[in-house]
Amino acid sequence: MSCGKPHDKDCSEVLERMFEFIDNEIHTADKSEIEQHLDECWPCLEKYDLERTVKSLVARSCAEHAPESLRDKVLLRIRQVQVEITETRIVTETD
Ligand SMILES: [Zn+2]
């Protein structure tokens, strides 16, 4: 998925490092590159917002540890949201 514009950093590379970025486990240089990319590329920003939201929800609802069932539910919910985003985009584009 890409916004179609050229970026210094490839979208796949940004998405690959998304979790490190959210967890703040990333080098400062890489971090500013990703921040810049998110500024320019809305599909990646959308994905970043989604990951961050899910992460904070999980952190809040189970501070101890995530049971498998909850993890599955969260993963399912992520897929549903992604489908909703895709469908919304198709409707907008054909408008
Ligand atoms: Zn991107």
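A residue is called buried when its relative accessible area is under 20%, exposed when it is over 50%, and partly exposed in between. These words recur throughout this report, which concerns a predicted model.

**Helix α3**

On the face of α3 turned away from its buried side lie the exposed residues T28, A29 and D39. The buried residues of this helix are D30, I34, H37 and L38. Seen down the helix axis, these buried residues fall within an arc of 100°, and therefore they line one face of α3. The length of the helix also fits expectation: at 1.5 Å a residue, its 13 residues should span 18 Å, and the end C-alpha atoms are 19 Å apart, which agrees. Two of the buried residues, H37 and D30, reappear below, the former as a donor of the zinc ion and the latter in a salt bridge.

**The zinc site**

The zinc ion has four protein donors: C11 through SG, H37 through NE2, C41 through SG and C44 through SG. These donor atoms lie 2.0 to 2.3 Å from the ion. The angles among the 4 donor atoms run from 104 to 113°, and the site is tetrahedral. Along the chain the donors follow the spacing C-x25-H-x3-C-x2-C. Within this set, C11 in helix α1 (residues 11–16) and H37 in helix α3 (residues 28–40) link distant parts of the chain, being 26 residues apart.

C41 is placed in the loop between α3 and α4. In sequence C41 and C11 are 30 residues apart, while their C-alpha atoms are 8.4 Å apart in space. Three of the donors can be described by their accessibility. C11 has a relative accessible area of 9% and H37 one of 2%; both values are under 20%, so both residues are buried. C41, at 0% relative accessibility, likewise counts as buried.

**Salt bridges**

Side chains of opposite charge can pair when their charged atoms come close. In this model the count comes to 7 salt bridges. The table lists some of them.

| Residues | Closest N to O distance |
|---|---|
| R17 and E20 | 3.1 Å |
| D30 and R17 | 2.9 Å |
| R52 and D49 | 3.0 Å |

R17 takes part in a salt bridge with E20 and in another with D30. The pair of D30 and R17 links distant parts of the chain, with D30 in helix α3, R17 in the loop between α1 and α2, and their positions 13 residues apart in sequence. Both D30 and R17 are buried. E20, by contrast, has 29% relative accessibility and counts as partly exposed.

The salt bridge between R52 and D49 has another setting. These residues are 3 residues apart in helix α4 (residues 42–61), which means that about one helical turn separates them. R52 is partly exposed at 39% relative accessibility, and D49 is partly exposed at 31%. In addition, K9, E13 and E33 are linked in a network of salt bridges.

**Confidence of the prediction**

The mean pLDDT of the protein chain is 82, and 84% of its residues reach 70 or more. Among the elements of the chain, α3 has the highest mean pLDDT, at 92. The lowest mean, 76, belongs to helix α5 (residues 68–94). Helix α3, which holds the zinc donor H37 and the salt-bridge partner D30, is thus the element with the highest mean confidence.

Note on methods: Residues numbered from 1 in each chain as written. Predicted model: local features only at pLDDT ≥ 70, side-chain atom pairs only at ≥ 80, totals over all residues. Heavy atoms only, no water. Donors = N, O, S within 2.8 Å, 3.2 Å for Na, K, Ca; no water. Tetrahedral: all angles 85-135°; square planar, octahedral: opposite > 155°, others 65-115°. Helix = DSSP H or I, 4+ residues; strand = E, 2+ residues; numbered from the N terminus. Buried < 20%, exposed > 50% of the residue type's maximum accessible area, 1.4 Å probe, protein only. Salt bridge = Lys/Arg side-chain N within 4 Å of Asp/Glu carboxyl O. pLDDT = per-residue confidence, 0-100. Expected span 1.5 Å × (residues − 1). Arc of directions from axis to C-beta.
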